[in-house]
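Here is a short report on buried charges and nonpolar cores. Please look over the sequence and structure first.

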Amino acid sequence: MKTKKFFVGVAAIGLAFSLAACSGGRGGSGNTGGDDNKGALVGVAMPTKVSERWIKDGNAVKSDLEKKGYKVDLEYADNKIPTQAQQVSNMITKGAKVLIVASIDGGSLSDQLDAAAKAGIKVISYDRLLTGNKNVDYYVSFDNYKVGVDQATSLLTGLGVLDADGKKTGDKKGLNIELFAGSPDDNNATFFFNGAMDTLKPYIADGTLIVGSGQTGFTQAATLQWDPATAKARMQNLIAKSYSGGKNVDGVLSPYDGISIGIISALQGAGYGTSSKPLPVITGQDAEAASVKSIIAGEQYSTIYKDTRQLATESVTMADDLLTGKTPEVNDTKTYDNKVKVVPTFLFQPTVVTKDNYKKVLIDSGYYTEADLK
């Protein structure tokens, strides 16, 4: 990814830090660190083991930190906010020097962030932005708005509204779609939804797409804790209320693979997935193995691949920089406002995966083996 590089100079504990732009590599004195931090403890807080991707993230971060000689306290919170709060508090008590946190609810850890700052502990927000507190030092994620744009674009391509080059075909009109969004307590969910809706709105406005249920707002489409069962129940209700008169669902915007699986289950229960009534075009995110298999089988249409190995590597590099007195590299200093401050961020770019390119993107890169997807 070709980016303009920015650097954040972090002064010694107790002094204010300032943001400066430059074009060199990593380096410079950014944080008190060095030999005193050899073998330091790093706390890694992940939200859940229910999603395959968080297991991959946690294992990758732990492995990379240990290769650099650090001790690691890796915890999963089973999607329970009080559990995660207690886990982070315990990490602080144990003497962690850096915290890497993928939150369940971005605004729920303010007390812990204050305690970390008081103890001189730096905090790296991992993929889900920690909000409502100034004591968030860095953020590493993918371009979340672009994820939404890519999901919507792949929906339009799958529906035949756009061709493979992204050009309008002009031969589609009145296609029925439904919209799903992520969890309202996850800051990323609104970025995904806004990116998707900014892309879809012109096609809804001109009648190319019709949201059969009329539910086009984030609150209406949101899926608490990204839960597949919640998504399945909502899809069942949408089918019963808006599609009982003979019209079919042509496409579904889904922000996450687990939600997509719930949606597909509801549709199959309503008779979709046959030669006379095919499944709609359904999007997703995270390239989880079950959904990649579904794509290969011709059920789910697409997913967004975010190589979590990149996130893990970058978060570990940031932590190592902080612990050795260097300045972590960032490439976005404007976008991610956590309601108190704009958090210096390193962003990666997502990739759309379909049946046509999954081998090249996922297998050739070593993310999966052929056997993983059997």
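## A buried aspartate

Asp 64 is buried (under 20% relative accessible area, 1.4 Å probe, protein chains only). Asp 64 has no salt bridge (a side-chain nitrogen of Lys or Arg within 4 Å of a carboxyl oxygen of Asp or Glu). The nearest side chain of opposite charge, Lys 67, is 4.2 Å away. Asp 64 sits in helix H1, residues 52–67 (a DSSP run of H or I, at least four residues). Beyond four places in sequence, Asp 64 touches Ala 312, Thr 313 and Val 316 (heavy atoms within 4.5 Å).

This is a predicted model: local features need pLDDT of at least 70, side-chain atom pairs count only at pLDDT 80 or more, and totals for chains, interfaces and linings use all residues. Residues are numbered from 1 along each chain as its sequence is written, and side-chain values use heavy atoms, with hydrogens and water left out.

## A buried lysine

Lys 306 is buried, at 3% relative accessible area. Its place is the loop between strand S12 (302–305; a DSSP run of E, at least two residues) and helix H10 (308–323). The Lys 306 side chain makes a polar contact with the Gln 285 side chain at 2.9 Å (N or O atoms within 3.5 Å, one able to donate a hydrogen and the other to accept it). Other residues in contact with Lys 306 include Arg 53, Asp 127 and Asp 286.

## Two nonpolar cores

The largest nonpolar core (buried Ala, Val, Leu, Ile, Met, Phe, Trp, Tyr and Cys joined through side-chain atoms within 4.5 Å) has 44 residues. Leu 200, Leu 209, Met 235 and Ile 263 touch the most other members. Helix H5 (187–205) gives the largest share, 7 residues. A second, separate core of 29 residues includes Trp 54 and Met 318.

Definitions and conventions:
Buried means under 20% relative accessible area, exposed over 50%, partly exposed in between (1.4 Å probe, protein chains only). Lys and Arg count as positive and Asp and Glu as negative; His and the chain ends are not counted.
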